[in-house]
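Subject: A structure for you to explore

Hello! Here is the structure I promised you, with its sequence alongside. Have a look around first, and then read on for my notes.

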Amino acid sequence: MTQQAANEDTRADVVVVGAGFAGLYAVYRMRTLGLSVYGIERAPGVGGTWHWNRYPGARCDIESLDYCYGFDDELLAEWRWTERYAAQPEILAYLDHVADRFDLRPHFEFNTSVASVIWNEATKSWLVTTDHGETIECAYVIMATGNLSSPQPPAIDGLNDFKGTWLHTGNWPIEPVELAGKKVAVVGTGSSGIQTCTAIAPIVDELYVLQRTPNYSMPAQNRPLGDDEVNSVLANYRERRTICEWSDAGTPMPDPTESALSVSAQERRRRYEQGWQMGGISSLSFAFNDMFRSEEANGFAQDFAREQIRSMVQDPAVAELLSPHHHIGTKRTCVDTGYYQIYNQPNVHLVDLKSEPIVRMNPGGIETTDQQIDVDVVIFAIGFDAITGALADVDIRGVDGFTLNEAWANGPVGYLGVQVAGFPNLFTITGPGSPSVLSNMVISIEQHVDWITEAIVHMRAVGFKRIEATGAAQERWMAHVVELANQTLYPKANSWYVGANIPGRQRLFSVYIAGCGPFRAECNRVVEAGYEGFELSRGTSDRESAHV
Ligand code: NA7
């Protein structure tokens, strides 16, 4: 943002925080309403998660042709994805292109973090303060801060004694990191760890993979996208997009209707093998509707996955250590391009932190209870304060000084993922109570931003100045979210979905598991019912209510 714009925009209609997929689209939509928009982004550029996660091998686990905006036909036609699953540089290039094409960059102040967001009931406005000391008064705040954007810092004794380099996958430097010929330790075997290890195993001297819990990983079966394939998808893109929007996961794959228990063992195996060849995160869940609901159905898929690991890893002891035993899918399933095979290389060493935990770091590297691992570089792939971390990091105070962290003392709650009771005119994108991380994020982001845009249009049309989710509606919605989740195996796992990776966090499965289609239907129904569960008012002193 230019200095001139920054000075002029100390009063804006809308502040948008974040310049990832959500923030860019939010700025675009707000601008089409003719509103003045002030964007704030802590990174030096656009991209959000795709700016920060530039670790080796970073790649999306949703297909490129679906993990992109659908709002503009010309954008769709002009951008050419090169692979079935795009790698980080290509997604970042796409977002750079979007920012330039729609001239969104000038709306943002980069290298700037939001320090506080304080509600003023008298003026019905928010005061946003940045870490540079700027203050922006605005009618609406859109927190487009992402679900996986607050990296968990490593909390290991002796970290500062280490003489080598340490890095976090979720905060990877922009400058190239030289890993060829180095001795490297990777801590963590979620998606980030698995992708990093697979990418660097061929180039590093020695690779030590420090695994606490093995994860299931499906083959991506990634491949270049040919012109014919792209053209045929684009020819019917609207239809495909509509299917995504009304599906569970936000992808064009048909939602399964059959139980894994309803077919013969032979037929089940045939489907799993078919899925494995097809590849992707749904490799073992595409065929059956009860993998996430039935212990028995899940067990079949687990057996198949462990069998695949044994067939890919030559050393049976290593294969056993790599074999997960939790319900498949209840911790985010990884998607890889040859992960298990790296353990057949002589320079790759699996370290089982369950049997030999880390004691401390020291100048040479990492000391476990059993050995000293001397390395040049330690890469932490230990995850995020997921779903709410980036919001909880900001000092957000709503009505009567109520803070967001107070609102979330018993776990993250929200109404339809777009608002939290007590915080009028503040919108979240894919917040608690939305399909968020269990969906194609771009599909969910467009739906959220469109819904918020329409709400603002409605408010302006009828002269309302204040919109707030009611506590009762939020309670009802979250009870429904939890009830649905409890019908599945998801809440049983110690996953970041329930905040189990954050010490002291109250466990709560806050993701709306029914998926994008049912969520969209409910959001639409709420609007048709006169913004049911939201209190809209003109902002006069008597707080004339429109709808409750
Ligand atoms: P994840 O999926 O949270 O994975 C983090 C990994 O790091 C996981 O294997 C953890 O083991 C491990 N971990 C976390 N803390 C430690 C410590 N202190 N010591 C050792 N190991 C640790 O994060 P990712 O970045 O891989 O992926 C996040 C999402 O981004 C991913 O699902 C995609 O949706 C994109 P644990 O399982 O807790 O025992």
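Please keep in mind that this is a predicted model. I have grouped my notes by region, so you can follow them with the structure open.

**Around strand E2**

A good place to begin is strand E2, residues 37-40. Val37 and Gly39 point to one side of this strand, while Tyr38 and Ile40 point to the opposite side, and all of them are buried. If that pattern is new to you, side chains in a regular strand alternate between the two faces of the sheet.

Which strands does E2 join? One partner is strand E1 (residues 11-17), which runs parallel to E2 and is joined to it by four bridges. To see one of these pairs, look at Val15, whose bridge partner in E2 is Tyr38. Another partner is strand E3 (residues 108-109), also parallel to E2, with two bridges between them. Here Gly39 has Phe108 in E3 as its bridge partner.

Helix H2 (residues 21-32) belongs to this picture too: E1, H2 and E2 together make a β-α-β unit, and the unit is right-handed. One residue of H2 to click on is Ala22. Is Ala22 buried or exposed? Its relative accessibility is 8%, so Ala22 counts as buried, the cut-off being under 20%. Setting aside the neighbours within four places in sequence, Ala22 is in contact with Ala144, Ile429, Ile445 and Val449. For a sense of scale, try Ala22 and Glu229: they are 207 residues apart in sequence, and their C-alpha atoms are 28 Å apart in space.

**A five-stranded sheet and the helix across it**

Next, find the open sheet of five strands, ordered E7-E16-E8-E9-E12 and paired in the parallel sense. Its edge strands are E7 (165-168) and E12, each of which pairs on one side only. From one strand to the next, the twist averages 20°.

Strand E12 (residues 348-352) has four of its five residues buried, so E12 is largely enclosed by the rest of the structure. Five bridges connect E12 with strand E9 (residues 206-211), and the two run parallel. Among these pairs, Leu207 has Val348 as its bridge partner in E12, and Gln211 has Asp352.

Now turn to helix H6. This helix lies across E8 (183-187), E9 and E16 (377-380), and runs at about 160° to E8. Thr198 has its place in H6, which spans residues 191-200. With a relative accessibility of 12%, Thr198 counts as buried because that value is under 20%. What does Thr198 touch, not counting residues up to four places away in sequence? The residues are Thr337, Gly338, Tyr339 and Ile342.

**A three-stranded sheet**

There is also an open sheet of three strands, this time with antiparallel pairing, in the order E13-E14-E15. E13 (358-362) and E15 (372-374) are the edge strands, each pairing on one side only. Neighbouring strands here are turned by 20° against each other on average, with direction ignored. E13 and E14 (residues 365-368) share four bridges in the antiparallel sense; Met361, for instance, has Ile366 in E14 as its bridge partner.

**Two helices side by side**

How do helices H14 and H16 run relative to each other? The axes of H14 (residues 441-462) and H16 (residues 516-528) come within 11 Å and cross at roughly 0°. H14 and H16 are therefore roughly parallel to each other. On the H14 side, the contact involves Ile443, Ser444, Gln447, His448 and Trp451; on the H16 side, it involves Cys516, Phe519, Arg520, Cys523, Val526 and Val527. The residues of this contact divide into seven nonpolar, three polar and one charged.

**Two loop residues with positive phi**

Finally, two residues in loops. Gln221 is not a glycine, yet has a positive phi, near 50°. You will find Gln221 in the loop between strand E10 (217-219) and helix H7 (227-235). At 31% relative accessibility, Gln221 counts as partly exposed.

Asp400, also not a glycine, has a positive phi of about 55°. Asp400 is in the loop between strand E17 (395-397) and helix H13 (404-407). With a relative accessible area of 79%, Asp400 is exposed, because that value is over 50%.

Enjoy exploring, and write back with any questions!

Best wishes

Technical notes. Residues are numbered from 1 along each chain as its sequence is written. This is a predicted model: local features need pLDDT of at least 70, side-chain atom pairs count only at pLDDT 80 or more; totals for chains, interfaces and linings use all residues. Side-chain values use heavy atoms; hydrogens and water are left out. Buried means under 20% relative accessible area, exposed over 50%, partly exposed in between (1.4 Å probe, protein chains only). Two strands pair if DSSP finds at least two bridges between them. A crossover is right-handed if, with the strands pointing away from the viewer, the path from the first strand over the helix to the second runs clockwise. Axes are lines fitted to C-alpha atoms, for helices over the stretch in contact, and angles run from 0 to 180 degrees between N-to-C directions. Angles under 35 degrees count as roughly parallel, over 145 as roughly antiparallel, 65 to 115 as roughly perpendicular and the rest as oblique. Contact means heavy atoms within 4.5 Å. Ala, Val, Leu, Ile, Met, Phe, Trp, Tyr, Cys and Pro count as nonpolar, Asp, Glu, Lys and Arg as charged, and the others, Gly among them, as polar.
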